[in-house]
Amino acid sequence: MTIEVFSGATTPLSAVATLIGTPTEDKGSPIQGASIFNKPASHIIELLASRSTTSSAVYIYDVAEQVGFGTLTKTWSSAMDSTAPVISLQTRAGAGLSLVGRLSEGSSQDCVKGAVLTAYTTPAGLAAMVESLSYLPPATSNSRLIIQVPAVTTAGPSFALSPTLASLSATFAILPDNVVVLLSATPQESIDLAALSYKLTSSHVVHIFDHHGISRESGHEFVPTLQLKETPALGVQELIRWSGYQFFDYVGDSNAETVVVLLNGPLALMAKSIATRSSGLGVVVVRVLRPWDGDVFKQCLPDAVKEVHVFDDVPNEVCQGSLFVDVFGSLYGPNSPGPLVRAHRVTPTKTSSFLSDPAQFSTLLAELSYQAPTVTHLDASSTKKLLFFSTPKSTLSPLPQTVANSFASTVSARLLTDHDIFSKSGGVTADKIVLSPRSEDIEILPMAAAFPSGAADFICVLDTNLLKSHSLLNQAKSGAIVLVISPWSSELPYNLPAAVLSAAVEKKLRIFTLDAKAISSGFEAELGVDAVQRLVVYLAVLRLYLGKAASEPAIRKLAEGVAREVALGGQLGKISASSWAALEEVELHIPPAVAEGDAKPPSPLKEFEFNAIAVETADGQTVVNGSKVSSWHDAAKHLLFPSVFTPPTPPSEEAEEYIQDPSLRPEVPEHTYLVTCTVNRRLTPLDYDRNVFHLEFDTAGTGLKYAIGEALGVHGWNDEQEVLDFCKWYGVDPERLITIPVAANEGKMYTRTTFQALQQQIDLFGRPPKSFYAELAAYATSPADKLALQFIGAPEGSSTFKKLGEKDTVTFAEILQRYPSAKPGIETLCEMIGDIKPRHYSIASAQSAVGNRVDLLVVTVEWTAPDGTPHYGQCTRYLAGLKVGQKVTVSIKPSVMKLPPDNMQPIIMAGLGTGAAPFRAFLQHRALLAQQGIPVGPTYYYFGSRHRHQEYLYGEEMEAYILDGTITKAGLAFSRDGPKKVYIQHLMLEDAAVLASLLKNQAGVFYLCGPTWPVPDVYEALVGALAKNEGHTPESAGEFLMSLKEEERYVLEVY
């Protein structure tokens, strides 16, 4: 049985309903729920922008996905027909030219069909596009561009996320006149202006909205503001006014002598709030930046104004923002100089400082208006603030949403989820909930202002370990309640850093503990342990938060709305009683100090820093910072880590028979060779998201011989710095000599340093088998570690083992770090882990053509685990980092990829991506035969990748082979280049008659190399070709292909 969570809350429709119609409750809706308007505003903006009735196509730039905008659109595009076609683009020099080109071509067919293009990018991405936008053709009702810009940018060396628009400081001034720039701050406004941007039919539109905070929050209500579905034919200014908005908003003292001007956004919301509480201060918020209307701006200023302070987002203190230029130009004239205009350059650091410390911002505005510097608290006393700390994707991570849903039916409940993926392996999640009375007049502030640091009324720590590593309790207000989910109760003070306990005592916090896992164990068989744990903690949160108003029956009654199946099953009462009884308050005391000589200096506690956005897709996947989060780690490691250790080259002796050097790799049973890297060249552009590279190795003097189509086994090394980091953590000297048995030769031993063994031989960063957990358990000194390892290694732990291996993709090193009390001796550990297995790559050269050389075609493998940890393919990472002149140990492995014995036999080659490698060798050999005057049979070559200009691997060589006739016919499928995806099987269908005849009548051989996914489609294409052209039925065609497989004429090498 599972526990279902029901919100029970309904919300009115927003203005977007007027523009796109009221959402219906159907199973095909990409955003499920009582109403789509219960979702964060960013989700609704994506929904609106991606509909085929709104956009002809959606272009998603990589930088947008990196901040969590566009992932849902991509998910919908693969599942829903009502989604516009989606095209992924990279941000680089000339970004935007493809959009301009599409619109410029729209004078004929596109113009009739409509080419209303939507692009998703960030402020930094828009800055890269601006030069291209100067070539935009005039906008028409059927041909225009709308750019949705989520305002969030990485800033500083820690990659913290910021809402700054500093990267656009020079952009706004050079945008073409036919581009309207809209800026929104609140969820309601963001949705309305996103909808309105598609109704400004005579202009291209850039819509910038706050994706740093407010638009990602759930719990906001949207009310209708646009009363008509049909949009009147009005100009920009009139249509903005018709929608209920103005170019500029003025808030504050009607007789203010000091006015502050800001672009609409988080700081503008804070400034407006401060102005309503201050005298002598006015605030002008710019909602429509382009076209700039100086007359309307002057009209909104009070007559008494003497000073105008313009706050401009700029990258540094010496830059001048465009907003100051606009304001100054509007107010200054030779006959009427107007008020004094002052520039305030707001750098990304200042933006973060103002948001994290609203009091600092309010003090500055008070000084500008010549008021006594007083701290204005923007967070209302009537609000209550709840803060949850957890780790991403933990069992209890859905709890904050459940809590927010429970309150949403009676009060306003805002929820914002932020992630920190750098301060802790696996990441830290902070969920902020702000509860306030429902009111039409309630002001909306950025979460940083509504929930400032040190203001939490209630903190729930769902992972005790976070208290040891992070300074969490500094977020609590004096006297706040803290709930810690932990098996400890009275033992808790002894397991926490002194700094944490001191903060708790100083703030007079009341700390409670709850062992949710122990309680749930009594119900897990029937209900599921994860579901019961969430319910147990949920009940405890309600009890502690409601305080004196709480009673066990009342809490149980409230919980029935979120645990309906449990309530119907009669288990809720028992669970509630157990949760009630198990909640214990901790008596706070600071344990006696350790003697000075024995004391270890405590590790400094880390601060939570928002640097990642996670998006949950409908298929249950979590996408963190798009697909680029791992590249940040990769880039950092390329800067920090030196090149791998290069072993000395043993003297080579060329003789009739090449004898393997016994000291080269004594643990490897294969015959190995030491070859020299002579070329390491990237084939794909640097800004392309796949690193495909070409390697060449000199084999002279090694005796290495290989046949066409064989594979090269590469005996790669582990990353040097990761090995050193592990040695430091494990407490072992990397220079210490250790003796390890030679697995390939029983009874033989050899000696190496620990560093050499762990870098060159031991598969420390490989995936552990089930037996490793059972073996490791014997060395665990902690009972908890021992039991966990024994469980995973036992048959009962199969599902946990499967999750660790297949989903979490943990390594030997990560398992050791998860269970730190299990530390066998380093020699024992090396034997337990075993050796690095060679990785085999199809050789991309024919030795008959290249001589003493062997070529490889490789793509780097990298992925992000569910907890946000970056992972890298061990061998592709090693190969990608090879330097010219570096030695590499290799071996040869036979392959099924062999040329037919008769040179006149036709060959049909189908390669996807790096699957082109063996076919390059085939073509080199057949070209050599042709040069020697030896006749060869027809050669058909099909190649598939995403983009021609980025991933046409060995494209120049292939074009040369086409021209000289080595390739009889080429079918090139670049799936993402056209409006419709085209794959190799589609091109094979075009040649169906010829291919069927080659296989049936001319003893042709078919080869497929690459990923497994196209195998069924390619198989069906061949079956269809034989059935249509050679008199086969589908069944007999399939049997014929299977017979070819037995004859090695239907050859697959897929992975």
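This report walks through a mixed sheet with its packed helices, a buried strand and one helix of a predicted model.

## The seven-stranded sheet

Let's start with the open sheet, where 7 strands line up in the order E2-E1-E3-E4-E8-E7-E12 with mixed pairing. Its edges are strand E2 (86–89) and strand E12 (288–290), each of which pairs on one side only. On average, and ignoring direction, neighbouring strands in this sheet are turned by 20° against each other.

At the E12 edge, strand E7 (residues 179–184) runs antiparallel to E12, and 2 bridges join them. Valine 181 has arginine 290 in E12 as its bridge partner.

## Helices on the sheet

Helix H2 (residues 41–50) packs on this sheet and touches strands E1 (57–61), E3 (115–120), E4 (143–150) and E8 (204–209). The direction of H2 makes about 155° with that of E3. Helix H8 (residues 187–196) lies across E4, E7 and E8, and runs at about 160° to E7.

## Strand E15 and its partners

Further along the chain, strand E15 (residues 384–390) has 6 of its 7 residues buried. E15 pairs with strand E17 (residues 428–436) in the antiparallel sense over 7 bridges, and with strand E18 (residues 456–461) in the parallel sense over 4 bridges.

If you want residues to look up, lysine 385 has valine 434 in E17 as its bridge partner, while phenylalanine 388 is matched with cysteine 460 in E18.

## Helix H26

Helix H26 (residues 720–730) has Glu720, Glu722, Val723, Phe726, Cys727 and Tyr730 buried. These residues lie on the same side of H26 because they cover an arc of only 170° around the axis.

Both ends are worth a look. At the start of H26, a side-chain oxygen of aspartate 719 comes within 3.2 Å of the backbone nitrogen of glutamine 721. Just after the helix, glycine 731 adopts a positive phi of about 80°.

Conventions
Residues numbered from 1 in each chain as written. Predicted model: local features only at pLDDT ≥ 70, side-chain atom pairs only at ≥ 80, totals over all residues. Heavy atoms only, no water. Buried < 20%, exposed > 50% of the residue type's maximum accessible area, 1.4 Å probe, protein only. Pairing = 2+ DSSP bridges. Arc of directions from axis to C-beta. Polar contact = N/O pair within 3.5 Å; in protein donor to acceptor, adjacent residues only side chain to side chain. Axes fitted to C-alpha atoms, helices over the stretch in contact; angles between N-to-C directions. Contact = heavy atoms within 4.5 Å.
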